Amino acid sequence: MSVKRRQIGKETRRELWERECRKCAYCGMKIGLGEVTVDHKIPLSRGGPDCRENMVCSCVGCNKLKADRTVEEFRKVVGMLEQDLLNESPKFRAALRFRILRENKRKRILFHFEVREEKRRYD
């Protein structure tokens with residue numbers, strides 16, 4: 001479903017980028033202002049509001065992987081990445097065996113914006 005979206009201005013883009021500490025709201029990777037893409041946590045195509053509270057800045061890779069998913073749907077996709085790599089990639093399995101990479105032991109995947117919000121609650 002195609003949704004009419006308004007143009008996101010430079011000022012809004014900068015505010016979102018600063019709010020996320022100049023990092024992708026999902027993976028936490030540092031990104032430059034020129035690399036910022038704006039994502040709606042609840043996609044407009046799924047009835048999400050077109051307001052700053054529903055917007056985060058993200059890197060291109062996370063924005064493309066998230067696509068029109070909700071945050072919870074995206075969390076499931078990210079959670080399946082390791083299993084998909086184990087199933088499909090002998091190189092990935094070897095990297096784990098030789099401890100070049102480590103298995104993810106976290107129970108729940110938290111995105112950068114969630115960690116930041118949680119930290120702010122306790123400050």
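**Salt bridges and helix α3**

Glu-18 and Arg-14 form a salt bridge, with their closest N and O atoms 4.0 Å apart. The model analysed here is predicted. Both residues belong to helix α1, which covers residues 10-19. Glu-18 and Arg-14 lie 4 residues apart in α1, so about one helical turn separates them. An α-helix has 3.6 residues a turn, so residues three or four places apart point the same way. Glu-18 is partly exposed, at 37% relative accessibility. Arg-14 is also partly exposed, with a relative accessible area of 38%.

Glu-18 has a salt bridge with Arg-22 as well. Here the closest N and O atoms are 3.0 Å apart. Arg-22 is partly exposed, and its relative accessible area is 41%. Side chains of opposite charge can pair when their charged atoms come close.

Another salt bridge was found in helix α3. Arg-75 pairs with Glu-72, and the closest N and O atoms are 2.8 Å apart. The two residues are 3 apart in α3, so they too are separated by about one helical turn. How exposed or buried is Arg-75? Its relative accessibility is 7%, below the 20% cut-off, so Arg-75 counts as buried. Glu-72, by contrast, is partly exposed. The relative accessible area of Glu-72 is 40%.

The pair of Arg-75 and Glu-72 is part of a wider arrangement. A network of salt bridges links Glu-72, Arg-75, Arg-108 and Glu-114. In the model as a whole, the count of salt bridges comes to 11.

Helix α3 itself spans residues 71-88 and has 18 residues. From its first C-alpha to its last, α3 reaches 25 Å. This is close to the 26 Å expected at 1.5 Å a residue. The helix bends by about 35° at Leu-81. Val-71, Phe-74 and Arg-75 are buried in α3. The buried residues of α3 pack against two other helices, α2 (60-66) and α5 (112-122). Arg-75 thus has two roles in this description: it is one of the buried residues of α3, and it is a member of the salt-bridge network.

Key. Residues numbered from 1 in each chain as written. Predicted model: local features only at pLDDT ≥ 70, side-chain atom pairs only at ≥ 80, totals over all residues. Heavy atoms only, no water. Expected span 1.5 Å × (residues − 1). Bend = angle between axes of the 7 residues up to and from the residue. Buried < 20%, exposed > 50% of the residue type's maximum accessible area, 1.4 Å probe, protein only. Contact = heavy atoms within 4.5 Å. Salt bridge = Lys/Arg side-chain N within 4 Å of Asp/Glu carboxyl O.
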